[in-house]
Amino acid sequence: MRYPPGVSQEDFEQAVQEFRSAIGDEWVFTEEADVDLYRDAYSPMWGEEEEKVPSIALAPQSAEEVQALVRICNQYRIPVYPVSTGRNLGYGGSAPVLTGSVVLDLKRMNRIIEVNEDNAYALVEPGVSYFDLYRYIQEKGLKLWIDCPDPGWGSLIGNALDHGCGYTTNPYRDHFEAHCGMEVVLASGEVVRTGMGALPNSETWQQFRWGFGPWLDGLFAQSNFGVVTKMGFWLLPAPDAYRSGSVQVMGYNDIHELVKVTAKMMYSGVLNAGTGLQSPMQFAMARNPDLQERYERANEEDIRILDEHAVANNTPFWSSQFKFYGPPAIIDASWEYTRQQFSHIPGVRFVEQEYLHFPMTHEALMETQDENHLGVPSLSVFQLGARSNFNPTGANGHLGFSPVIPMNGTAVLQSQKVLAKVLRDMGATTVFNVFPQSYHQRTFVILLGFSITRDIEANRKTRAIYRELVRVAAEHGWGEYRTHTAFMDDCAQAYSFNDNALLKLQQTLKDAIDPNGIISAGRYGIWPKHLREEQAPVPVAAQGNENTNGGNNA
Amino acid sequence: MTNRREFLQLGLTASLCIPLPAQVFAFTANAAAQSVPALYKVIHDTRYLHSTELAHSLRDRWIRQSRQSALAEIPLQAVTGNVTALWYGELQPLWLKQQVLQQQGQQPALALAGTTGSDVLFCLERLAWDAGLRVLLREEHVQEAGAQPQEALVSWVIAAPTRAA
């Protein structure tokens, strides 16, 4: 059995006995074969000394059991790392930031406590997955939709707390934005309810998120201030219909007008669903190094030649997909309005894609172009890593670099150039390079994906590239919205305004709420007082190559 | 040097002769001396040329060793990389039901086998963990470097692990 750092063997063994009394022998996992299941399958440090691994795992079934376990951990100062289902692969999975932490696996807490059809909300526990809630709604025939990420096997609570996103419409597609009310177990073992949940007998816990006084819910997302044991979510009333279409423009410089109009439609509420930019020309550029070079240099002559190539090959330079959910009369009017808004761009094309009327059976939904966009959970995304002629080496996972950039054409072009230079200079290849997506309402996120393999040297190189991307992006004012546990210090350090004042405030709060620093040490760069110096991250500006400051004191 | 086809044939022939590991047939603590878990179905992956024949081979080996009646219907089911329908439509309800029965000491969980891409097994393995099941057999079918089309198949069996009684 591995032991947590800073805890004597005697204390830990005593604590394990107390864990067994609190939740039963069966749910205290100390054998290597069981604890190994909590390794991060997508770890970029797989098989290295730096890989983050737990000591043991505990699987409570109720908030009361969580309280009991946290109290024991607090008494013996044992680091504990709660995971909802532990399936946020690419972001650390169920492995702790601090090696030797005790994983608190909340998967058995899988009750759907309430789904209210008339007021369109759900109250769930952390072990409830998107599949679970979807099945519940289907079986009961409720006229509600969920919004799910891909893949859909993860926890609603876990995904929302990590600022995950989905594909339907506002406000549901930003999963933290769609939540309303939490129940949290603090490090002391005390239970707190936020918003209207603090009012005994309140009937609006899942309807009015602000409650009275300071709103604290944000403290429990991307952090380590408590263990969330219940959370409410707003759900989308099942729409009558859905339609999608794309707007395509032919010229390199048309990106500016395409994004400007898109942003205006989004801010005014005409466009509520996520969108993004694609470049059909990128396929031509991928096959033609001369075009690629011209795209990256992009002087006047280069742009003229690129534009000529686009027209000659009937290939739009840019396109955006727009999706509309609602009554047919309204979504038809929205699409017509969209066409009007872009019609002044010379050569613009409008391509109608899918038009669906609901309700549809689950089987029929699975036959649509992308079931995720219709609130249907799926596991199809895992096919991307399969070994094939397209991907001859296969992969053991991926890692996403995802900086937030402004929603304008200039930022898109600049970020493409800047990040491409880093990749080229460091000899990097990506498994996916996604043009900006509007996962959130007013910005774009770029996604660069890297393969994770079982090749230690390849993974080390990937980590070095990732850290360089964080550094260079930060120089341009682009920060990550979310990251793998291996890079949380790097990304947190990049938010360095006024000598890292924000991180210092977060540390102050951490010390006050969790004075023994037992919960999720190091998560999102927030280290407890007793580990802060030991784990002291090197400021991003001084990095550039591999460093192992991500929370491992093994 | 054998070509890829011959190589796979050799692998197939070999796998027909090699017994499945004992742990695959280990009796569960609850059902000691009662029976080997029956095979529910065998999954093959239509993306790969040789998946079906290897899945047939796996099923034959199971029947031979487990003495599960060859006449018993052990269906082969195709997936195309995406296990969503299999999981949502069949396995999740089945495994939930089995968990309840096992907790009552009534019967060992049915085994699930397959010859698929590793991505399919990756998903099913993690989902199986939550139902108290484990991958008890994992056989990779290697091929010559540079072979076309690229295939990386794995034969597997998911069943309840043996625990000390």
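Q: How much area do chain A and chain B bury between them?
A: In this predicted model, the two chains lose accessible area where they meet, and 56% of the buried area is on carbon and sulfur atoms. The contact draws on 28 residues from chain A and 26 residues from chain B. The area that chain A and chain B bury between them is about 2300 Å².

Q: Which residue of chain A forms a salt bridge with Asp130(B)?
A: Between chain A and chain B the count is 3 salt bridges. A salt bridge needs a side-chain nitrogen of Lys or Arg within 4 Å of a carboxyl oxygen of Asp or Glu. For Asp130(B) the closest N and O atoms are 2.3 Å apart, and the partner is Arg87(A).

Q: Which helix gives the most residues to the side of chain A that touches chain B?
A: Across the interface, 9 residue pairs are in polar contact, both residues at pLDDT 80 or more. On the chain A side, helix H4 (130–140) and helix H11 (362–366) each supply at least two residues. The top contribution is 5 residues, and it comes from H4(A). The residues of that side divide into 13 nonpolar, 7 polar and 8 charged, and the helix that gives the most to it is H4(A).

Q: Which helix of chain B is included in what covers the buried residues of H4(A)?
A: The buried residues of H4(A) are Tyr130(A), Phe131(A), Leu133(A), Tyr134(A), Arg135(A) and Ile137(A). Their cover includes strands S5 (112–116), S6 (121–124) and S7 (144–145) of chain A, along with helix H5 (156–161) and H11 of chain A. From chain B, the cover includes helix H3 (84–103).

Q: Which residue caps the N-terminal end of H4(A)?
A: At the other end, just after H4(A), Gly141(A) takes a positive phi of about 65 degrees. At the N-terminal end, a side-chain oxygen lies 3.3 Å from the backbone nitrogen of Phe131(A). That oxygen belongs to the capping residue, Ser129(A).

Q: Where in chain B is confidence lowest?
A: The model scores ipTM 0.90 and pTM 0.92, while chain B averages a pLDDT of 77, with 67% of the residues at 70 or above. Confidence in chain B is highest in strand S2 (residues 76–79), at 95. The pLDDT is below 50 over residues 1–14 of chain B, a stretch with 21 contacts beyond near neighbours in sequence, and also below 50 over residues 26–34 of chain B, with 13 such contacts. The lowest mean, 43, falls in helix H1 (residues 4–17) of chain B.

Notes
Residues numbered from 1 in each chain as written. Chains lettered and ligands numbered in written order. Heavy atoms only, no water. Contact = heavy atoms within 4.5 Å. Buried area = accessible area lost by both parts, 1.4 Å probe. Polar contact = N/O pair within 3.5 Å; in protein donor to acceptor, adjacent residues only side chain to side chain. Helix = DSSP H or I, 4+ residues; strand = E, 2+ residues; numbered from the N terminus. Nonpolar A, V, L, I, M, F, W, Y, C, P; charged D, E, K, R; others polar. Buried < 20%, exposed > 50% of the residue type's maximum accessible area, 1.4 Å probe, protein only. pLDDT = per-residue confidence, 0-100.
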